[in-house]
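Let's take a walk through a protein fold together, one piece at a time. Keep the picture open beside you as you read.

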Amino acid sequence: KGPRTLTEWQAKHLAAYESVVRLYGSKLRLPVREFYVLLSKPIEGGVVAGEYYGGNMGVNPMCFDKDKMSDPIVYALALRDLATHELTHNYIGKHNEEFTSRLASVQHSSSPEFANTLSIAEKATGKESGLTKKETVNKLVTVEKIIELETKRYYTPAQQEFVFDNIEKGG
């Protein structure tokens with residue numbers, strides 16, 4: 001038993017979280033191949049909120065505190081904390097002192113991407129933080145060379161099909 005569909009805020013959270021995980025994974029040169037929804041039963045008195053194993057990232061949308069999405073800065077920090085925590089498992093499996101030290105290092109290495117994380121959080125929450133810069137560009141540029149998407153490298157077969165179906169529809 002359980003919910004059969006996600007709420008709108010859970011869907012926004014999943015999209016934002018996947019974006020941040022892929023952004024940080026790229027910065028840290030850690031592969032993020034598959035991204036999936038993880039629903040877990042209670043384990044040792046708690047519920048698994050996320051996992052990173054072998055380049056695959058799972059997240060449990062039922063564990064996320066919706067109140068964190070009320071403020072884009074708080075939400076950006078929550079996204080950063082969860083993403084860096086799970087990516088740190090690439091180096092250290094168990095939660096121990098070594099894990100905590102490596103987590104600090106991973107957060108430091110990914111800190112240049114925080115402005116992008118905040119921008120993603122603003123989009124997901126529909127609120128502006130007042131810290132990001134907004135510019136309007138009025139200059140048109142003619143595309144001289146069309147570059148094909150490298151979808152096989154980044155997307156699962158199902159995601160590739162979705163991308164190509166929407167390109168054909170003009171979406």
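## A walk through the fold

Val37 stands opposite Val59 in strand E3. That pairing is a good place to step in, and one thing to keep in mind on the way is that this is a predicted model.

The pair belongs to a bigger pattern. Strand E1, residues 35–37, is joined to strand E3, residues 56–59, by 3 bridges, and these two strands run parallel. E3 also has a partner in strand E2, residues 50–53: here 4 bridges make the connection, and the strands run antiparallel. Which residue of E3 is the bridge partner of Gly50? It is Val59, and Val59 is also the residue that stands opposite Val37. Further along E2, Tyr53 stands opposite Asn56 in E3.

How does the chain get from E2 to E3? The two strands form a hairpin with 2 residues between them. In the turn, Gly54 has a positive phi of about 60°.

Now look at which way the side chains of E2 point. In a regular strand, side chains alternate between the two faces of the sheet. E2 shows this alternation: Gly50 and Tyr52 point to one face and are buried, while Glu51 and Tyr53 point to the other face and are not buried.

Let's step back and see the whole chain. The protein chain has 6 helices and 3 strands. Reading from the N terminus, the order of its elements is α-β-β-β-α-α-α-α-α. Of the 171 residues in the chain, 33% are buried.

The helix that comes before the strands in that order is H1, residues 8–28. You can check its length with a little arithmetic. With 1.5 Å for each residue, the 21 residues of H1 should span 30 Å, and the C-alpha atoms at its ends are indeed 30 Å apart, so the expected and modelled spans agree. Many side chains can be picked out along H1; the buried residues include Trp9, Leu14, Tyr17, Val21, Tyr24 and Leu28. Arg22 is also found in helix H1. Is Arg22 buried or exposed? It falls in between: its relative accessibility is 24%, so it counts as partly exposed. Arg22 and Arg33 are 11 residues apart in sequence, and their C-alpha atoms are 8.9 Å apart in space.

Just after H1 comes Arg29, in the loop between H1 and E1. Most residues other than glycine have a negative phi. Arg29 goes the other way, with a phi near 60°, a positive value in a residue other than glycine. Arg29 is also exposed, because its relative accessible area is 74% and the cut-off for exposed is over 50%.

Next, turn to the inside. The largest nonpolar core holds 28 residues, and those that touch the most other members are Tyr17, Met57, Tyr75, Leu79 and Leu87. H1, E3, H2 and helix H4 (114–125) each supply at least two residues of this core. Which element gives the most to this core? It is H1, with 8 residues.

Helix H2 also holds Leu82. Leu82 has a relative accessibility of 18%, and buried means under 20%, so Leu82 counts as buried. Leu82 and Val21 are 61 residues apart in sequence, yet in space their C-alpha atoms are 8.8 Å apart. Val21 is one of the buried residues of H1.

Our last stop is an open space. Rolling a probe the size of a water molecule over the atoms shows where empty space is left. The second largest pocket has about 190 Å³ of space. Its lining is made up of Val48, Gly50, Glu51, Tyr52, His85, Glu86, His89 and His95. By type, the lining residues are 2 nonpolar, 4 polar and 2 charged. E2 and helix H2 (72–88) each supply at least two residues of this lining, and E2 gives the most, with 3 residues.

So the walk ends back at the hairpin: E2, which pairs with E3 through 4 bridges, also contributes to the lining of the second largest pocket.

Technical notes. Residues are numbered from 1 along each chain as its sequence is written. This is a predicted model: local features need pLDDT of at least 70, side-chain atom pairs count only at pLDDT 80 or more; totals for chains, interfaces and linings use all residues. Side-chain values use heavy atoms; hydrogens and water are left out. Two strands pair if DSSP finds at least two bridges between them. On a 1 Å grid over the protein atoms alone, a cavity is a set of points where a 1.4 Å probe fits but cannot get out, and a pocket is an open set with protein on both sides within 12 Å along at least five of seven lines; lining residues have an atom within 4 Å of a point. Grid points are joined across faces, edges and corners, and a volume is the space filled by probe spheres set on the points. Ala, Val, Leu, Ile, Met, Phe, Trp, Tyr, Cys and Pro count as nonpolar, Asp, Glu, Lys and Arg as charged, and the others, Gly among them, as polar. The expected span of a helix is 1.5 Å times one less than its number of residues. Buried means under 20% relative accessible area, exposed over 50%, partly exposed in between (1.4 Å probe, protein chains only). A nonpolar core is a set of buried Ala, Val, Leu, Ile, Met, Phe, Trp, Tyr and Cys residues joined through side-chain atoms within 4.5 Å.
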